[in-house]
Structures are given as C-alpha cells and as structure tokens.
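Work through the exercises below with the sequence and the coordinates at hand. Each task is followed by a solution in steps.

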Amino acid sequence: MLTSLTLALLALAVHADVQRPDGSQKIALTSRKAPRSYASGLRRRKLSPANLPLTDFFKGTDLQWFGNISVGTPPQELTVVFDTGSFTLEFASTQCGSECSGQVQFDASKSSTYVDGGDEQTLDFGTGVGVDPVTSSNEYELTVRSGTDTVSLAGFTATGVSLSTIVKQSKAFNVDPFSGILGMPPSTDGVFGAFVNQGLPALFGMYLTPKATGNAELTLGGYDSSKFTGDLSYAPTTGGEGGNWVLTSSTLAVNGKTTDTLNSQRDIIFDSGTSNVVFDTQTTEAIYAIISSDIKPYSKESGAYGIACDKVASLPAQIDVTFTTASGKAFNLTIPSSELSVGPFPDDSSTCQTLINSSGDSDDELILGGSVLKHYYSVWDVGNQQIGFASNGV
C-alpha cells in the first residue's frame with residue numbers, strides 16, 4: 001500500500017531501543033548476514049529469527065495478509081498488515097470514534113508509556129485495501145497523530161517507537177478487519193529497524209498464501225526454508241535504501257508472447273500491501289490484447305478492466321515478468337491464468353474485474369502485489385538490498 005507522503009514520513013523516524021524477553025522460543029530458521037554497519041552490534045548480541053502467523057483477508061479474492069502486534073503498557077493487541085509499500089506504523093485509535101468502528105482501536109490514555117507527539121497530518125494512499133483503482137486523491141485518506149510507544153511482535157519488544165494513531169479515516173477503509181499497517185521498507189527504520197539495531201539479521205521472509213492454502217507467515221530476521229522448493233533467485237533492488245522495494249524487469253510476456261511495448265525495461269515496485277497489479281495504460285492494454293479482445297475498460301471505475309465472468313475460465317492468461325540476478329541470470333516470476341479474475345464488480349455480478357489496474361499514462365508507480373507474491377516465497381534482504389524468490393508450490 002503506497003502513500004504519497006512515504007518519503008517525508010521516513011525522515012521523521014525515531015530511534016527505538018529493543019529488548020528480547022527472556023525465555024522466548026528459538027526456532028530453526030535461516031538468516032543472512034546483516035549490513036557491515038551493524039557488525040559491531042552483532043558481535044555483542046544477536047537475536048534469532050522468529051515466525052509470526054498471518055491471516056488472509058479474503059473478499060472474493062485474497063486482499064491482505066495481517067498479523068498481531070501489541071502496543072503500549074500494559075500491551076493492547078492490534079492487527080496490522082506488514083506492508084512493504086509503506087514506511088510507517090499507523091493504526092486506529094479511540095480518537096477516531098465511529099469512523100474506525102470496524103477496527104480494534106488503541107486507547108492511548110491507557111498506556112503509561114505512550115508519548116503524544118502532538119502533530120497531525122493527512123496521508124493519501126496510492127493503492128487501497130482491495131482491488132479497485134484509486135480514483136481520487138482523498139479516496140483512501142487518513143488523518144494521523146504522531147506519538148511514540150512500546151511495540152511488541154513475534155517475541156521482540158521495541159521501546160520509544162515512532163508511530164501514528166489514526167484520528168480520522170475515509171469510509172473506503174471501513175471494510176478493513178485489521179487496525180492498521182506496519183511499514184517494512186528497504187531501510188533499517190521503524191519497528192523492524194529497531195530489531196535490527198539490537199542484532200536481528202536485516203532481512204525478513206514472507207509466505208503469503210491463498211486462503212485455500214492457509215498457514216501464511218512472516219519470518220523476522222531470516223526465512224523459513226520449509227516453505228519453498230528449489231533455490232532462491234535474488235534480484236538487486238534499484239530503489240536505493242530509503243526508497244521503495246524496486247526491481248528492474250527486462251521484459252514481459254503473455255502466454256509466451258511479447259510485443260515491442262512489453263519487451264522493454266521497466267522498474268516495478270513490490271508491494272505486499274497491494275492486492276493485485278498496477279501498470280501504466282499502455283502496458284496494461286498490451287497485456288490484455290494478447291489475452292482477449294473482450295477485456296475492456298470498465299466505465300464505472302476509471303482504471304479498472306473487466307470481462308464477462310462466463311468467459312474467464314476458458315482464457316489462458318499466464319503473465320511472465322523477467323528479472324535478472326546480480327550475476328546476470330534471468331528468471332521469471334509467473335502470474336498464472338487463475339489470477340485473471342479478481343471477482344465480479346459489486347454493481348454487475350456478470351462482469352468480472354481483471355487483475356491489472358491502469359495507473360494512467362505515468363509509469364512511475366508500476367506495482368506487483370498479492371497476485372504474484374502469493375505464488376512465491378519472498379525474502380526481503382535489507383542488508384544486501386535485494387529480494388529473493390522461490391516457488392512456494394501454490
């Protein structure tokens with residue numbers, strides 16, 4: 001889930017101190033070395049990787065994967081999406097009132113460690129909770145208030161964490177079953193960065209599975225090799241530390257075919273908080289032209305496309321996105337034909353929305369989200385600025 005103010009908010013990140021509770025369970029997971037800047041800290045102390053179960057928010061298709069955290073003293077349990085398209089931690093608060101009635105709300109007055117920062121700002125999100133395109137700048141909008149508090153997850157605890165409590169939200173967020181989002185950027189800031197500063201290896205693994213498969217999980221400080229087959233293929237990020245998780249693709253193919261439009265280099269953001277795929281109009285329509293001429297723009301939702309639901313099952317629609325490892329070896333991430341439809345439009349049950357939304361003429365924010373991530377185990381290596389993928393068998 002991308003916000004237009006991510007980079008500005010990154011500059012506001014506050015250093016946090018971390019401790020691992022005594023007696024927490026160690027599990028057998030794989031970790032990679034942390035960046036050199038953390039070497040001295042790692043010699044003094046080292047934290048072991050840990051798993052956190054995730055729940056799939058399913059509404060016609062897999063939308064988001066979220067898990068438990070606790071905030072404050074005494075701890076208040078909340079659920080958040082672990083979002084690689086965001087940098088910050090924000091969640092519903094009791095100040096939001098009825099607008100956040102669908103979410104568990106944090107009560108700052110009941111936390112002895114909460115410190116009110118006093119600043120409020122409005123955040124506009126470039127992608128939303130579901131698969132629908134964002135059609136206006138304030139469609140997915142939050143008003144948040146700054147603060148700091150203690151945050152715990154997966155057996156780790158960080159104190160003095162910079163966070164934002166939601167005091168107002170647009171109605172598009174009402175469908176959320178979770179309280180907020182926890183940003184997982186390609187930098188050592190925020191909650192995860194606090195764990196890294198204590199000695200946790202600077203990477204995390206994501207096993208984002210379809211609802212029918214279940215057992216989704218986040219691994220902090222390593223990856224779970226039992227969740228994939230074969231070797232991990234790593235591609236270097238091009239967004240730079242402090243930017244987004246961006247990989248450069250050399251070409252796209254649909255059902256084994258490509259075109260001049262598709263056979264070109266493009267930078268693509270990998271966003272675990274986006275449910276489907278977002279490309280520019282030219283790329284989107286070049287892909288759909290190969291799949292079926294019956295896929296048309298949906299007039300009631302700008303940027304969305306659809307096709308008669310009774311035609312979906314018969315259409316081959318395999319999309320291969322090619323990336324290259326640091327050693328120059330090409331590999332594909334494949335979106336299978338089963339992902340073509342993300343379900344019927346709410347106002348037209350006979351027309352199914354297709355997985356790619358158009359962002360318009362701009363190619364600044366091309367996004368691969370859940371439609372591809374749920375078919376691969378992914379390793380997000382902050383220390384080495386790369387993302388690794390291996391088949392999860394789904």
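**Exercise 1: the link between distant segments**

Task: find the partner of Cys-309 and describe the link.

Solution. Cys-309 is joined to Cys-352 by a disulfide, S to S 2.1 Å; the term applies to a pair of cysteine sulfur atoms within 2.5 Å. Next, place the two ends: Cys-309 lies in helix H5 (residues 309-312) and Cys-352 in strand S23 (residues 348-354), so the pair, 43 residues apart, links distant parts of the chain. Helices (H or I, at least four residues) and strands (E, at least two) are DSSP runs, numbered from the N terminus. The angle about the S-S bond is 110 degrees, and the link of Cys-309 and Cys-352 is right-handed. Finally, check the surroundings: Cys-309 is partly exposed at 22% relative accessibility, while Cys-352 is buried at 7%. Buried means under 20% relative accessible area, exposed over 50%, and partly exposed in between (1.4 Å probe, protein chains only).

The model is predicted: local features need pLDDT of at least 70, side-chain atom pairs count only at pLDDT 80 or more, and totals for chains, interfaces and linings use all residues. Residues are numbered from 1 along each chain as its sequence is written, and side-chain values use heavy atoms, with hydrogens and water left out.

**Exercise 2: the other pair**

Task: describe the disulfide of Cys-96 and Cys-100, then state the pairing pattern.

Solution. The sulfur atoms of Cys-96 and Cys-100 are 1.9 Å apart. This link is right-handed too, with 70 degrees about the S-S bond of Cys-96 and Cys-100. Cys-96 has a relative accessible area of 6% and is buried; Cys-100 is buried at 0%. The structure holds two disulfides, and with the bonded cysteines numbered in sequence order the pairing reads 1-2, 3-4.

**Exercise 3: a serine in a loop**

Task: locate Ser-93 and list what it touches.

Solution. Ser-93 sits in the loop between strand S6 (89-92) and strand S7 (115-124). Its relative accessible area is 3%, so Ser-93 is buried. The side chain of Ser-93 reaches the backbone oxygen of Ile-166 at 2.8 Å. Leaving out residues up to four places away in sequence, Ser-93 touches Gln-105, Phe-106, Thr-165, Ile-166 and Val-167, where contact means heavy atoms within 4.5 Å.

**Exercise 4: the whole protein**

Task: how many helices and strands does the protein have, and what percentage of its residues count as buried?

Solution. The count is six helices and 27 strands. Of the 394 residues, 57% count as buried.

How values were computed:
Polar contact = N/O pair within 3.5 Å; in protein donor to acceptor, adjacent residues only side chain to side chain.
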